[in-house]
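Q: Could you take a close look at one strand with me, and tell me how it sits among its neighbours? I'd enjoy a connected walk through it.

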Amino acid sequence: MAGPVPALDDRAAACADHLRAADSVLLASHIDADGLTSAAIAATALERAGIPFEVVFKKQLDPTEIASIAAREYDTVLFTDFGSGQLDAISEHEAAGDFIPVIADHHQPADADTAFHLNPLLEGIDGASELSGAGASYVLARALEPADADNRDLAALAIVGAVGDMQAVEGELVGTNEKIVEEGVAAGVVTEGTDLSLYGKQTRPLPKLLEYASEIGIPGISNDEAGSIKFLDGLGLDLKDNGEWRRWVDLTDDERQTVASSLVQRAVKRGVPADKIDGLVGTTYTLTAEPEGTELRDASEFSTLLNATARYERADVGLAVCLGDREAGLERARRLLQNHRRNLSEGLEWVKEQGVTREDNLQWFDAGDAVRETIVGIVAGMAVGVDGVDPDVPIIAFARKNDEETKVSARGTGRLVGKGLDLSVVMGEASAAVDGGGGGHNVAAGATIPAGREQEFIEHADGIVGEQLG
Ligand code: C5P
Ligand code: C5P
Ligand code: C5P
Ligand code: ZN
């Protein structure tokens with residue numbers, strides 16, 4: 001069968017054959033939106049193929065965690081959204097006869113290989129912008145599909161994973177990701193459209209939608225509640241329903257057109273740069289099987305909802321939502337989302353107040369306990385673009401993990417990657433130099449290092465970035 005990514009067909013078929021022959025499978029995945037959707041896709045595909053399995057989530061796949069997986073009774077372990085970067089440690093367990101690994105991942109592979117390894121980077125496909133962990137899991141799911149099933153409905157979750165990993169390029173999924181979108185559209189679970197690109201079109205009342213869109217930076221609207229209300233009141237539309245502000249989804253096409261074009265006009269008049277104005281409109285992915293006006297209907301809102309669960313040790317809640325729990329699961333996830341939002345906004349405020357330290361080739365901050373280590377990478381990414389943070393220089397963030405260890409997150413931009421930046425190499429080499437470990441993608445990567453060696457780490461990282469961009 002030809003899958004959505006022909007270059008990966010052989011690898012997917014080999015992985016699927018091995019899984020079908022297994023008595024039972026331990027499915028291990030990563031604790032973010034992409035990891036959760038990866039797990040949900042793989043779990044559904046295993047279920048439909050009649051293969052018994054159990055799911056576990058890990059914050060990070062280090063040698064200790066791999067050893068704990070090896071200690072389980074499972075002969076086959078399916079790793080999704082991680083595994084490639086830890087293949088050196090994994091293949092030692094394989095050689096020792098602990099388990100046979102099957103990997104569906106998109107991170108930079110370590111120097112080792114294994115028989116059942118599905119990763120876009122092995123076939124020259126970019127793992128940061130063309131296929132996510134959920135996309136790799138989707139390719140596997142298509143290969144696992146029994147004759148009487150159609151797994152293309154899982155494309156919806158694959159899109160949520162890709163959007164959650166910020167794979168969109170200039171607002172749009174490209175390459176193999178776009179092939180998955182096409183399958184989702186054909187299966188009737190997704191529509192793709194051009195729309196306002198602001199976050200919260202499904203769930204935020206209009207003034208909040210505009211006020212919170214700080215990344216666009218329209219004076220008198222962004223971060224300005226009264227200004228947003230005044231702007232909306234001045235449009236001559238009836239934007240309230242029984243006294244309550246309507247949401248973007250509640251508007252007619254004409255009303256949307258009026259709001260969007262007035263917003264663009266206002267931005268032009270107030271001197272917002274052209275590239276930011278272009279960014280006001282983008283491609284949106286709507287999950288048509290989900291209820292309108294819920295986080296689940298929009299790929300971007302869905303992915304944030306998932307991050308709000310798994311990054312707070314409640315991956316079970318996120319997985320339940322992905323697998324269809326639209327009642328209790330969704331309610332719990334929403335409570336977690338409120339907490340996540342508050343943490344992101346407090347984290348961003350912290351960075352704004354404390355500022356970053358500038359080195360020759362990068363900038364960094366140490367949040368200590370002020371930002372949870374599982375979200376410090378998201379905060380670092382959101383910090384790019386705020387006052388005092390240079391958008392043309394990579395950013396590195398530290399957060400305390402425990403008494404012995406510090407979490408490191410690094411973020412770059414597509415432009416810097418074009419000039420030679422590879423943060424997965426920076427994190428891998430600089431962490432190894434201080435007895436830590438790390439990896440990831442060219443544009444976003446992370447590491448864990450011994451506490452107290454942050455300064456030394458920065459010196460190494462600064463030197464490596466200098467060589468890459470020099
Ligand atoms: O998908 P990811 O979590 O990486 O996206 C970055 C975060 O930015 C999201 O978690 C989302 O909550 C947050 N965000 C927001 N409001 C915006 C833009 C982004 O809350 N206007
Ligand atoms: O482990 P994983 O692959 O899921 O992590 C991807 C991370 O990289 C996400 O937190 C995402 O926000 C970040 N990223 C980014 N910019 C990109 C691509 C990914 O910040 N262009
Ligand atoms: O945690 P954070 O969002 O910063 O992670 C960015 C990327 O770096 C992710 O793809 C993650 O899987 C990877 N990473 C890694 N090793 C670590 C920490 C993060 O490969 N120790
Ligand atoms: Zn991922």
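A: Happily! Let's start with one cross-strand pair: in this predicted model, Phe-398 stands opposite Val-408 of strand S13. Phe-398 lies within strand S12, which spans residues 395-400, while S13 covers residues 405-411. The two strands run antiparallel and are joined by six bridges. Their connection is a hairpin, with four residues leading from S12 to S13.

Now turn to the other partner of S12. Strand S11, made of residues 363-366, runs parallel to S12, and four bridges join the two. One place to find this pairing on screen is Gln-363, whose bridge partner in S12 is Ile-395. The chain gets from S11 to S12 by way of a helix: S11, helix H15 (residues 376-383) and S12 together form a right-handed β-α-β unit.

So much for the neighbours; what about the covering of S12 itself? The strand is mostly covered, with five of its six residues buried. As a general point to keep in mind while you rotate the view, side chains in a regular strand alternate between the two faces of the sheet.

Putting the pieces together, S12 is paired in parallel with S11 through four bridges and antiparallel with S13 through six. Following the chain, you would pass S11, then helix H15, then S12 in the right-handed unit, and the hairpin of four residues then takes you on to S13.

Notes: Residues numbered from 1 in each chain as written. Chains lettered and ligands numbered in written order. Predicted model: local features only at pLDDT ≥ 70, side-chain atom pairs only at ≥ 80, totals over all residues. Heavy atoms only, no water. Buried < 20%, exposed > 50% of the residue type's maximum accessible area, 1.4 Å probe, protein only. Pairing = 2+ DSSP bridges. Right-handed = clockwise from strand over helix to strand, strands pointing away.
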